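Colleague: I would like to go through this model with you, one question at a time. Please show the sequence and the structure before we start.

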Amino acid sequence: MSRRSGILEFAVLGLLRESPMHGYELRKRLNTSLGIFRAFSYGTLYPCLKTLVANGWLIEEPGSVPALPPAAGRGVAPASSLAGRRAKIVYRLTAEGKEHFEELLSHTGPDSWEDEHFAARFAFFGQTEREVRMRVLEGRRSRLEERLEKMRASLARTRERLDDYTLELQRHGMESVEREVRWLNELIESERSGRDQRRSSPESSNQHHTSGDTDGLPRHRDENSRPDPSDDTK
């Protein structure tokens, strides 16, 4: 499995863990919720779905048949309209698929720190254990700090040979990495603060913990920013 197809399968399983969907809904959620998939087409999504079904992680169910437009109800609908009213296939996560997705959520290897995979992992942090979130965030920060050091060293070696525009482009790239490192520092500190507060709370031992514990998010961030799956039923 290629890295890119693996990221797509991970995202599909994660979205279907929230709610069953048909292919159009899935593609819409991948485009809107996970921007890294904006370039994906139906030609990429459906082979992925078929693979997940073959692996036993998804099942296909018939959905509801779309209603006829008002004009069609006054007479016999043309053959083209009837053909277009075939029920859409709905994809549902199986128990095995849920177990597989939770196993993927627990992975904290180098792949989870790379650019595209990190974006997909971060999108499902609400379903991820706090300790796993910390390892992924710290791994990502370490990777970016290494990248930043290489960029600075390269710029120092080549500065005299670069024209003003190329030099500005290099600086822009460095500033983007520096901003993400600062953002990661903020997230890591918030995760640590949330963990320490929970440990010190006398009521923490009586609370039921789920994998979606998001107490570590910075207070200024909206914890309910994830789109509701019901918004994509059109």
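Colleague: Between which two helices does the loop with Leu 34 lie?

Modeller: This is a predicted model. In it, Leu 34 belongs to a loop rather than to a helix. The loop that holds Leu 34 runs between helix 2 (23-33) and helix 3 (42-54).

Colleague: Is Leu 34 buried or exposed?

Modeller: A residue counts as buried when its relative accessible area is under 20%. Leu 34 has a relative accessible area of 5%. Leu 34 is therefore buried.

Colleague: Leaving aside its neighbours within four places in sequence, which residues is Leu 34 in contact with?

Modeller: One partner is far along the chain: Leu 34 and Ala 123 are 89 residues apart in sequence, yet their C-alpha atoms are 7.1 Å apart in space. With neighbours within four places in sequence left aside, the contacts of Leu 34 are Ala 11, Arg 29, Ala 123 and Phe 124.

Colleague: Is Glu 60 buried, partly exposed or exposed?

Modeller: Glu 60 sits in strand 2, residues 58-62. Buried means under 20% relative accessible area and exposed means over 50%. Glu 60 has 34%, so it is partly exposed.

Colleague: Which residues does Glu 60 touch, not counting those up to four places away in sequence?

Modeller: Contact here means heavy atoms within 4.5 Å. Once residues up to four places away in sequence are set aside, Glu 60 touches Lys 50, Val 53, Ile 89, Val 90 and Tyr 91.

Colleague: What distance separates the C-alpha atoms of Glu 60 and Pro 20?

Modeller: Along the chain, Glu 60 and Pro 20 are 40 residues apart. In space, their C-alpha atoms are separated by 9.8 Å.

Colleague: Is helix 6 roughly parallel or roughly antiparallel to helix 7?

Modeller: Two packed helices are described by the angle between their axes and the distance between the axes. The axes of helix 6 (residues 115-123) and helix 7 (residues 130-158) come within 12 Å and cross at roughly 155°. That angle makes helix 6, relative to helix 7, roughly antiparallel.

Colleague: How many residues in the contact of helix 6 with helix 7 are charged?

Modeller: From helix 6, Asp 115, Phe 118, Arg 121 and Phe 122 take part, and they meet Val 132, Val 136, Leu 137, Arg 140 and Arg 147 in helix 7. Of the residues in this contact, five are nonpolar and none is polar, and the number that are charged is four.

Colleague: How far apart in space are Leu 187 and Leu 137, C-alpha to C-alpha?

Modeller: Leu 187 is in helix 8, residues 164-200. Leu 187 counts as buried, at 3% relative accessibility. In sequence, Leu 187 and Leu 137 are 50 residues apart, and in space, C-alpha to C-alpha, the distance is 7.8 Å.

Colleague: What share of the residues in the protein chain is buried?

Modeller: The protein chain has eight helices and three strands. Of its 234 residues, the share that is buried is 34%.

Key:
Residues numbered from 1 in each chain as written. Predicted model: local features only at pLDDT ≥ 70, side-chain atom pairs only at ≥ 80, totals over all residues. Heavy atoms only, no water. Axes fitted to C-alpha atoms, helices over the stretch in contact; angles between N-to-C directions. Helix = DSSP H or I, 4+ residues; strand = E, 2+ residues; numbered from the N terminus. Parallel < 35°, antiparallel > 145°, perpendicular 65-115°, else oblique. Nonpolar A, V, L, I, M, F, W, Y, C, P; charged D, E, K, R; others polar. Buried < 20%, exposed > 50% of the residue type's maximum accessible area, 1.4 Å probe, protein only.
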